[in-house]
Amino acid sequence: MSAAGRRDASRASRAVAHVCFVQDDGGRWLYCRRILFSPESHEPLIDEPWDERRVRDRVGEIVADAEAALDPVALWPALEGWDTRGEQRLPLTRLYAGAAGVIWALDELRQRDHATVGVDLAAAASRALEKWRADPDMPERHEPPINTNASLFFGETGILLVAFKLAGDPQLADDLYALVRENWDCETNELMSGSPGTMLGAKAMLERTGDERWAEAWRESADELWRRRYWDGFWTYPPYGKAPGASHGIGTNTNVLLQGGALLGDDRREQLVADTAAALARVAVREDGLANWPIAVEDCGDLVADWDNRIRLQWCHGGAGVVASTAPYLEEELLLAGAELVWQAGPASMEKGPGICHGTAGNGYAFLRTFGRTADEAWLERARRFAVHALDQVARWREVRGSGRYSLWTGDLGAAIYAADCLEARNAVPIVDYL
């Protein structure tokens, strides 16, 4: 059997790795089998070493491709069925998978001297905001999971943040402030649409402007978010329940609150760290020194249930995101078990892609964050191997599609930002840890 075959067989043998017993409504004990990861969602790591010059060249290629694809009016093309679903309307303008995210990434790479950007990013941001206000990419959702135009990733807030960063227009700041105040009690209780996302925006604006109104807006949202914490440390993500993962769960909510620094207060900080670490330890799925987390957990504590009877290993859902969002304080043995599973599972499959949300770059942030906690160079080496793989996936997909995928959170620009973070050994997840 080839080395790749042995690896695939080994991964398959670990696919069903955790056994548990639960009680039904009648009190009968039921036997169930849990999986640590789904092999079909991953692929073997390519045999290509880290080469800094080659990585820089590939980041430059992604930037050049994004520049060439920009239309002053239509902005960037989107992939039907991947970045456009349901009632979404082109061009996409949002931070998650639209023009605002691409612009933010290009500006970030430019400011950090990873690329030369020749297009007018301020004009592109202004056009994205204009388009959004004339015809938002998608309608608001008023049934759970609630999503409004005040959302950071899916609404106007993210676009305004990017536009203000580039133009510094006081009117943009006022508009953004109104959205942050509007979103303070959004019942979604998570990063993408809820108040944790707009709290990141408020904190970024406080740091940029020093205007005390942003601190007041942050505290307003933080107080309500704190009030909604359950006794077990979790928040609910209606209608799905209590989520451990990074995009909708406890780790990122805690991260956002901790980033408030003195705005949060020492007593809350200590309780939050202890409660979140204990909650994630209680619901972890462990086997043979490896660990993962389910998509959602039940009120009964250590009994776990997924939305679709699958367990994922991604940034948005599963151990990669839990490790990335809680690395500074998670029990170290558990942190290492979660990061080790990400390594043994391998990079995300081509279907999942090279990006941050559910792809190879997002999983790689588990290694960067573990490196930040442990200072063990082995984790930085692993992160860089995933960066090489993610950049290879960008190239492979471009051959298949004939073009790039112009998205921060789901596409090529996310892989480029991740590669830049690996070049700098920067152990921070974009947007979530730095805006």
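A residue counts as exposed when its relative accessible area is over 50%. The points below apply this cut-off to a predicted model.

1. Asp-113 has a positive phi of about 60 degrees, although this residue is not a glycine. Its place in the chain is the loop between α3 and α4, the latter spanning 121–134. The relative accessible area of Asp-113 is 67%, and the residue is therefore classed as exposed, the cut-off being over 50%.

2. Ala-375 likewise is a residue other than glycine with a positive phi, here near 60 degrees. Ala-375 lies in the loop that separates α13 (360–374) from α14 (377–401). With a relative accessible area of 59%, Ala-375 is exposed, because the value must be over 50% for that class.

3. Two cis peptide bonds also deserve a check in the structure. One of them joins Leu-90 to Pro-91, with omega near -5 degrees. Pro-91 is placed in the loop between α2 (52–69) and α3 (99–111).

4. The other cis peptide bond runs from Pro-238 to Pro-239, and its omega is near 5 degrees. Here the flanking elements are strands: Pro-239 is found in the loop between β3 (236–237) and β4 (241–242).

5. For inspection of the backbone, the sites may be taken by element. Helix α3 borders the loop that holds Pro-91 and also the loop that holds Asp-113. Ala-375 is to be sought between α13 and α14, and Pro-239 between β3 and β4.

Definitions and conventions
Residues numbered from 1 in each chain as written. Predicted model: local features only at pLDDT ≥ 70, side-chain atom pairs only at ≥ 80, totals over all residues. Heavy atoms only, no water. Helix = DSSP H or I, 4+ residues; strand = E, 2+ residues; numbered from the N terminus. Buried < 20%, exposed > 50% of the residue type's maximum accessible area, 1.4 Å probe, protein only.
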